[in-house]
Amino acid sequence: MSHPGQYQNPKYAWATIGRQAPPKRAAAERVGDFREIYANHDEAAIREQASRCIQCPHPLCMQGCPLSNRIPEWLALAAQGQFLEAAAVSRSTSNMPEICSRVCPQERLCEGACILNCKTDPVAIGAVERFINDYALARGAVEAVAARPNGWKVAVVGSGPGSLACADELAQRGFDVTIFEAQLIPGGLLVNGIPAFKLEKHIVERRVDLLVMRGVKFRLGVRVGWDVTLAELRANFDAVFLGVGAQQPKALDVPGGDAKGIVPALPFLIQKNVDSPLVEEEPVDVVGKRVVVLGGGDTAMDCLRTALRSGAREAVCIYRRDLANMPGSRKEYANAVEEGARFEFLTNPVAIESNAIGEVAAVRCVRMELGPADASGRRKPRPVAGSEFTVAADVVLVAYGFDPVPFPKGSDFAQLVTDEWGGLKVDRSQMTSAAGVFSGGDSVRGPSLVVHAVRDGRKAAAGIAAWLESSAR
Ligand code: SF4
């Protein structure tokens with residue numbers, strides 16, 4: 001570590017300055033509310049952390065970032081204290097850097113690719129990205145003015161990250177963009193699926209406000225495919241982007257899986273995190289209860305932590321592989337453990353046990369071991385004979401992932417070509433099987449990261465612009 005007044009050769013800052021995690025609230029305090037658990041570093045700490053970047057000629061961090069963010073450039077500016085300039089560079093490749101920096105699993109992306117991992121800890125890229133963009137937004141330094149209209153109109157369906165990114169890109173090029181959202185609050189999964197302790201709602205609202213300032217229109221409470229047909233959209237708009245996501249929960253397919261108290265993850269997260277008038281399901285009461293969460297992804301971590309904040313007596317995660325093979329972010333896993341969640345790895349549910357009135361009483365499980373790798377390269381778990389045991393439960397939250405919600409039978413959207421799991425097929429420009437209808441994000445690739453949806457939305461916007469320009473020739 002450096003000492004005050006000591007000479008620092010900037011070339012070796014990575015060796016003399018340790019990586020410093022952003023300030024995090026104590027677990028005992030944060031489980032009492034839904035506020036974000038991390039805060040920003042102060043300016044001096046950000047300059048110091050940014051100065052750890054060695055400015056390598058072929059930055060691997062840029063390859064690790066799905067948006068190819070110009071990371072070394074904004075790190076160099078941040079190290080000089082030029083935070084507004086750094087944020088402007090950051091915005092040039094990302095439509096919501098203040099959001100991605102909060103929700104990206106950096107250890108698998110930019111920071112996981114940082115060359116310093118060979119010798120020490122990586123540069124705290126996410127923390128710097130968050131700071132510079134919060135800094136610029138707080139000072140009103142993010143310009144959002146309506147561009148000169150180019151005469152084309154585009155309908156964007158859904159208002160999750162892919163849709164917002166697509167709309168933002170199009171609006172900046174002068175397109176007249178209308179976003180159709182089924183819920184009464186815009187933001188899609190950014191609002192419904194990501195709990196406020198990771199991403200506070202006002203941050204999404206601020207991003208939506210910037211789009212409105214750019215001239216993007218929102219039509220809320222409109223269920224496209226039900227209230228509006230594709231033919232109507234095609235008649236009124238020059239192109240369409242479908243960012244409808246994948247929100248149909250995968251079922252729990254074990255005996256007893258219909259017991260009272262078994263709840264899909266997403267409605268539970270919406271109920272506890274969002275004050276949304278469209279949430280119609282019966283409220284799930286977890287106060288003083290034993291909650292079991294099935295699954296090992298980020299949604300499972302979100303359920304565990306939301307249950308604990310909602311008064312659960314205990315929250316246990318059951319996952320069939322081990323920690324090394326768990327898809328959830330290591331950062332979120334560590335946060336869940338700190339907050340009191342318990343994990344049963346290499347464990348799979350085989351049945352749900354109920355009480356006399358059909359309510360969940362326990363999850364009957366079997367221990368698993370990892371066998372040889374399957375076609376995807378992951379080692380396939382298999383049950384260990386004679387290893388059955390039960391985990392007591394009052395509520396079971398199923399976080400096994402999502403499939404696309406099918407459009408209603410007879411809807412003209414149902415004619416779009418899909419792959420075997422129901423995802424929309426697109427070409428290299430993100431255009432679906434229907435000319436002028438584009439898509440991206442989870443509705444194409446299945447449940448994935450926010451940053452992947454942003455990349456798809458940007459790509460689709462470029463595809464829409466190119467397609468309309470070529471059609472006009
Ligand atoms: Fe890293 Fe995500 Fe930011 Fe890219 S968008 S630099 S992967 S935190």
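This short talk walks through a five-stranded sheet, two helices with buried residues, and the surroundings of the ligand. Please keep in mind throughout that what we are looking at is a predicted model.

Let me begin with the sheet, which is open, has five strands in the order 3-2-1-4-16, and shows parallel pairing. Its edges are formed by strand 3, residues 217-220, and by strand 16, each of which pairs on one side only. If we ignore direction, neighbouring strands of this sheet are turned against each other by 20 degrees on average.

Within that order, I would like to dwell on strand 4, residues 239-242. On one side, strand 4 runs parallel to strand 1, residues 153-157, and four bridges join the two; here A155 has V240 as its bridge partner, while V157 is partnered by L242. Strand 4 also pairs with strand 16, residues 437-439, again in the parallel sense, over three bridges, and in that pairing F241 stands opposite F438.

What, then, covers the faces of strand 4, and which of its residues are buried? Both faces are covered, with A239 and F241 buried on one side and V240 and L242 buried on the other. That fits the general pattern, since in a regular strand the side chains alternate between the two faces of the sheet. As for the helices, helix 10, residues 161-172, lies across strands 1, 2, 3 and 4, and runs at about 165 degrees to strand 2.

Turning now to helix 6, residues 83-91, its buried residues are F83, A86, A87, V89 and S90. These residues lie on the same side of helix 6, because the arc they cover around the axis is only 160 degrees. The elements covering them include helix 3, helix 5, helix 7 and helix 9.

Helix 7 also holds a charged residue that deserves a look, namely E98. Is E98 buried or exposed? With a relative accessibility of 1%, E98 counts as buried. Apart from neighbours within four places in sequence, E98 is in contact with N133, D134, L137, I203, R206 and R207.

Finally, the ligand: the residues around it are C65, P66, N69, I71, C100, C104, Q106, L109, C110, E129 and V451. By character, this shell divides into eight nonpolar residues, two polar ones and one charged one.

Methods. Residues numbered from 1 in each chain as written. Predicted model: local features only at pLDDT ≥ 70, side-chain atom pairs only at ≥ 80, totals over all residues. Heavy atoms only, no water. Near = heavy atom within 4 Å. Nonpolar A, V, L, I, M, F, W, Y, C, P; charged D, E, K, R; others polar. Buried < 20%, exposed > 50% of the residue type's maximum accessible area, 1.4 Å probe, protein only. Arc of directions from axis to C-beta. Contact = heavy atoms within 4.5 Å. Pairing = 2+ DSSP bridges. Axes fitted to C-alpha atoms, helices over the stretch in contact; angles between N-to-C directions.
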